[in-house]
Amino acid sequence: MERKVFREIVDLRLWIAALATGAFGLILLIVSLFLSGHNILQPFIASLASLLIATIPITLIWELYAKRALINEVNEEIGLEKSLEEIKSILKLHKDLQASGLSRVTRDYMSLDWMELFKKVHRLDIFIAYGRTWRARYTTQLKELALRSDVAIRVVFPDPDNQELIIALAHRINGKTSEEISKEIKDAVAEFSNIFAHSPNGGAKISMWYTSVLPNFALYIFDDNIITTLYTHRRQRIGVPTLIFEHGGSIYDFFKEEFEELIDEKNEIARKIEK
């Protein structure tokens, strides 16, 4: 609709310009009749008037019909209109990605530069089922964090005493019974407690919670970087999408707010683990 209105406006302007040019040419032609005694000026004005009048139909035919037919033919040959739409879609997608803060997507979360994140972090927030593989791989880095007085860590686990929750997790995690899931969570809590209990005075501070919320994703917040790993509904173990969002993006804000709400005891969905 907008394109049609624009085209009608262009057509109207062309007609107005053509009529104005024709009127001016007609005036010059009449003036030339009164200059019949001027051998130089009269032929010049008459020729100019004839030229202006003659160009009107040529210009209108080109602008209103021939040029547009040529453009349409070019569009059909090279798909110009489709290409322009694709470019618009790409630009819109780029704008949406910038607004979200998304910086990387992968199906191999171990391929991320975790070492660099551990080196720079001051506040680390974690929401995991129990993360045995992740903990085993980065035990050394967690022990190094325990020595730093400028680090604070908050960790949230599913409540191992909530049988309904644990059964739901056991259905999701292939090859694990509810008893095994409960034990895995308690082992993870014990490991974190053990690592940070042995930090010297003034070392990193850790606080942990149990939640009654079934995790829909694993979450790691390293200051201005959020890493979220999705869970699969399939029974076999596969690589799952992992996304990184940077501070300032709308999705970063979403996950940050999710974590803060999760540990807010006023919501009655989490309880702090007493060490």
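Trainee: Let's start near the end of the chain: where is Glu268?
Mentor: You'll find Glu268 in the loop between α9 (250-263) and β8 (270-272). Those labels come from DSSP runs, counted from the N terminus: helices are H or I with at least four residues, and strands are E with at least two. Keep in mind that this is a predicted model, where local features need pLDDT of at least 70 and side-chain atom pairs count only at pLDDT 80 or more, while totals for chains, interfaces and linings use all residues. Residues are numbered from 1 along each chain as its sequence is written, and side-chain values use heavy atoms, with hydrogens and water left out.

Trainee: Got it. Is Glu268 buried or exposed?
Mentor: Glu268 is exposed, with a relative accessible area of 70%. Buried means under 20% relative accessible area, exposed means over 50%, and partly exposed is in between (1.4 Å probe, protein chains only).

Trainee: What about the phi of Glu268?
Mentor: Glu268 has a positive phi of about 60 degrees, although it isn't a glycine. Most residues other than glycine have a negative phi. Asp223 has a positive phi too, about 50 degrees, and isn't a glycine either.

Trainee: And where does Asp223 lie?
Mentor: In the loop between β5 and β6 (225-230). Asp223 is partly exposed, at 23% relative accessible area. Asp224 is in the loop between β5 and β6 as well, and at 43% it counts as partly exposed.

Trainee: What does Asp224 touch?
Mentor: Skipping neighbours within four places in sequence, Asp224 is in contact with Phe245, Glu246, His247 and Tyr252. Contact means heavy atoms within 4.5 Å. The C-alpha atoms of Asp224 and His122 are separated by 10.0 Å, and the two are 102 residues apart along the chain.

Trainee: New topic. How many helices and strands are there?
Mentor: There are 9 helices and 8 strands. The protein has 275 residues, and 35% of them count as buried.

Trainee: How much accessible surface is that?
Mentor: About 17,400 Å², with 60% of it belonging to carbon and sulfur atoms. Areas like this come from the Shrake-Rupley method with a 1.4 Å probe, and for residues only the protein chains shown count as cover.

Trainee: So what's in the largest nonpolar core?
Mentor: It has 40 residues, and the ones touching the most other members are Trp114, Phe118, Trp134, Phe157, Phe192, Tyr220 and Phe222. A nonpolar core is a set of buried Ala, Val, Leu, Ile, Met, Phe, Trp, Tyr and Cys residues joined through side-chain atoms within 4.5 Å.

Trainee: Which elements feed into this core?
Mentor: The ones giving two or more residues include α4 (114-120), β3 (152-158), α7 (163-172), α8 (178-197) and β5 (217-222). The biggest giver is α8, with 7 residues.

Trainee: Back to Phe192. What is it in contact with?
Mentor: Leaving out neighbours within four places in sequence, Phe192 is in contact with Ile126, Trp134, Arg135, Leu142, Val155, Phe157, Ile206 and Met208. There's also a second, separate core of 15 residues, which includes Val156, Leu243, Tyr252 and Phe259. Tyr252 is one of the residues we met as a contact of Asp224.

Trainee: How do α7 and α8 cross?
Mentor: Their axes come within 8 Å and cross at roughly 105 degrees. Axes are lines fitted to C-alpha atoms, for helices over the stretch in contact, and angles run from 0 to 180 degrees between N-to-C directions. That makes α7 and α8 roughly perpendicular to each other. Under 35 degrees counts as roughly parallel, over 145 as roughly antiparallel, 65 to 115 as roughly perpendicular, and the rest as oblique.

Trainee: Which residues meet there?
Mentor: From α7, Ile166, Ile167, Leu169 and Ala170 meet Ser178, Ile181, Ser182 and Ile185 from α8. They split into 6 nonpolar, 2 polar and no charged. Here Ala, Val, Leu, Ile, Met, Phe, Trp, Tyr, Cys and Pro count as nonpolar, Asp, Glu, Lys and Arg as charged, and the others, Gly among them, as polar.

Trainee: Last one: where is Ser149, and what does it touch?
Mentor: Ser149 is in the loop between α6 and β3, and it's exposed at 57% relative accessible area. Not counting residues up to four places away in sequence, Ser149 touches Gly202, Gly203 and Ala204.
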